[in-house]
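User: I have a structure open and want to check some of the labels attached to it. Can we go through them one by one?

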Amino acid sequence: MNRLEDRYRRVLRLLPASYRQAWEEDMVATFLESEQPEDAEEAEFAADYGRPSRAEVASVVALAVRLRLGGDGAPPRYLVWGETVRRLALVGLLVQAVAALAGIGAWLWSPWVTDPVAPGRTADVQALLGLVWVAAYLCLVTGRWRAARLFAALALARAVYFFGVDLAAVEGAYGLSWTIGLLLDALPVVALVAFHRQAPAVKARPWLVALPVGVALLTVALLTVALLLTYVSVPALVDWPGVVCVAVFAAAVGYLSLPRLGWRNTTVSWATTLALLALAALVQRVVTLLDYLRLGAPTPELDLVIAIAAGQAAAVLAIAVPLTMLAAKAVRALPPVTAR
């Protein structure tokens with residue numbers, strides 16, 4: 001084995017072992033043949049100093065992602081992980097779209113409940129640009145996956161820009177929690193790689209219905225909080241990480257309750273998806289709780305906020321443990337991947 005062949009084999013280690021077992025020799029032979037110069041001296045030099053091209057490495061990486069995040073006809077384990085990542089993308093973009101539409105509603109309503117201010121505020125611009133998330137979600141649900149990737153990338157770029165602006169305004173005081181929030185914004189965008197050629201089509205109807213339902217629920221929650229704040233002087237009684245915790249907790253409880261209600265059609269991929277969402281919600285809740293403890297001035301109101309946030313973290317942790325155990329058990333029960 002010469003050095004060039006060894007380098008090709010190292011690149012191919014990115015592929016699943018079962019796939020390598022069946023196709024590695026053919027792939028290596030094809031790569032070497034395509035890179036073999038006709039001149040003997042050049043061939044000897046290439047064997048010692050040649051390297052896989054960037055295009056070849058990129059093609060292997062794309063194939064590895066497509067195989068491990070399986071679609072139609074994939075082994076059950078790869079299909080489960082593919083469905084998990086696709087649902088992370090769908091849920092993540094749904095959350096962003098719901099937040100964007102509810103934010104637009106709050107923005108339109110605010111002139112009626114507060115004194116009018118001059119246009120051009122940063123918050124107004126953010127609210128309007130948040131509609132890019134809605135476009136990304138609708139494109140994804142309706143099968144326009146390339147457009148969904150484009151809109152999602154634009155929305156993430158918008159989030160990165162305002163992250164920098166807001167962080168500079170507070171001189172980095174909330175750097176950790178805001179960075180975690182930005183990473184969670186990026187998660188569904190990255191997860192869009194699971195929508196490849198072999199990925200099954202999205203069942204559009206339930207996801208389209210979920211959007212107005214989510215907007216209605218979030219709007220009711222925001223109005224309820226606004227009403228409570230007229231009687232209780234607590235500036236952050238319910239924050240965004242708290243809303244996410246409540247939503248994840250309710251979804252996890254619902255999923256775990258389905259078998260007891262006689263509904264046996266619960267898929268493994270939903271268990272893994274909810275377990276990962278619970279972990280994400282817990283991390284965001286903990287880091288924002290640390291901000292309250294580190295940066296907040298001690299007051300009875302802050303003590304109430306901290307108690308609520310701690311209770312939310314405990315609730316998500318309590319539901320995440322059985323959910324993760326259930327997901328791990330279900331994944332282990334799947335048949336192992338074998339070479340075809």
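User: What makes R86 buried or exposed here?
Analyst: This is a predicted model, and in it R86 has a relative accessibility of 3%. Buried means under 20%, so R86 counts as buried.

User: And why is R86 with E83 called a salt bridge?
Analyst: Their side chains meet at 2.9 Å, N to O. The cut-off is within 4 Å, so the R86 and E83 pair qualifies as a salt bridge.

User: How do you know how far apart R86 and E83 are along helix α5?
Analyst: They are three residues apart in α5 (residues 76-113), so about one helical turn separates them.

User: OK, what makes E5 and R9 a salt bridge?
Analyst: Same kind of check: the closest N and O atoms of E5 and R9 are 2.8 Å apart, and the limit is 4 Å. Both sit in helix α1 (residues 3-12), four residues apart, so they are separated by about one helical turn.

User: Are E5 and R9 buried or exposed, and how do you know?
Analyst: E5 has a relative accessible area of 16% and R9 has 13%. With buried meaning under 20%, E5 is buried, and so is R9.

User: Which side chain does E25 meet in a salt bridge, and why does the pair get that name?
Analyst: E25 meets R9, at 3.0 Å from N to O, which is within the 4 Å cut-off. This pair links distant parts of the chain: E25 is in helix α2 (residues 17-34) and R9 in helix α1, 16 residues apart.

User: What about E25, buried or exposed?
Analyst: Exposed: its relative accessible area is 52%, and exposed means over 50%.

User: Which residues make up the salt-bridge network?
Analyst: E5, R9, E24 and E25 are linked in it. A search of the whole structure finds seven salt bridges.

User: Let's switch to helices. Why are α11 and α12 called roughly parallel or antiparallel?
Analyst: Helix α11 (residues 240-257) and helix α12 (residues 268-295) pack at about 155 degrees, with axes 9 Å apart. Angles over 145 count as roughly antiparallel, so that is the label for α11 and α12. As for handedness, α11 passes α12 in a left-handed crossing.

User: And which residues meet there?
Analyst: In α11 they include V244, V248 and Y255, and in α12 they include W270, L274 and R285. The residues of this contact divide into 13 nonpolar, three polar and one charged.

Key:
Residues numbered from 1 in each chain as written. Predicted model: local features only at pLDDT ≥ 70, side-chain atom pairs only at ≥ 80, totals over all residues. Heavy atoms only, no water. Axes fitted to C-alpha atoms, helices over the stretch in contact; angles between N-to-C directions. Helix = DSSP H or I, 4+ residues; strand = E, 2+ residues; numbered from the N terminus. Parallel < 35°, antiparallel > 145°, perpendicular 65-115°, else oblique. Left-handed = near helix turned anticlockwise from the far one by under 90°. Contact = heavy atoms within 4.5 Å. Nonpolar A, V, L, I, M, F, W, Y, C, P; charged D, E, K, R; others polar. Buried < 20%, exposed > 50% of the residue type's maximum accessible area, 1.4 Å probe, protein only.
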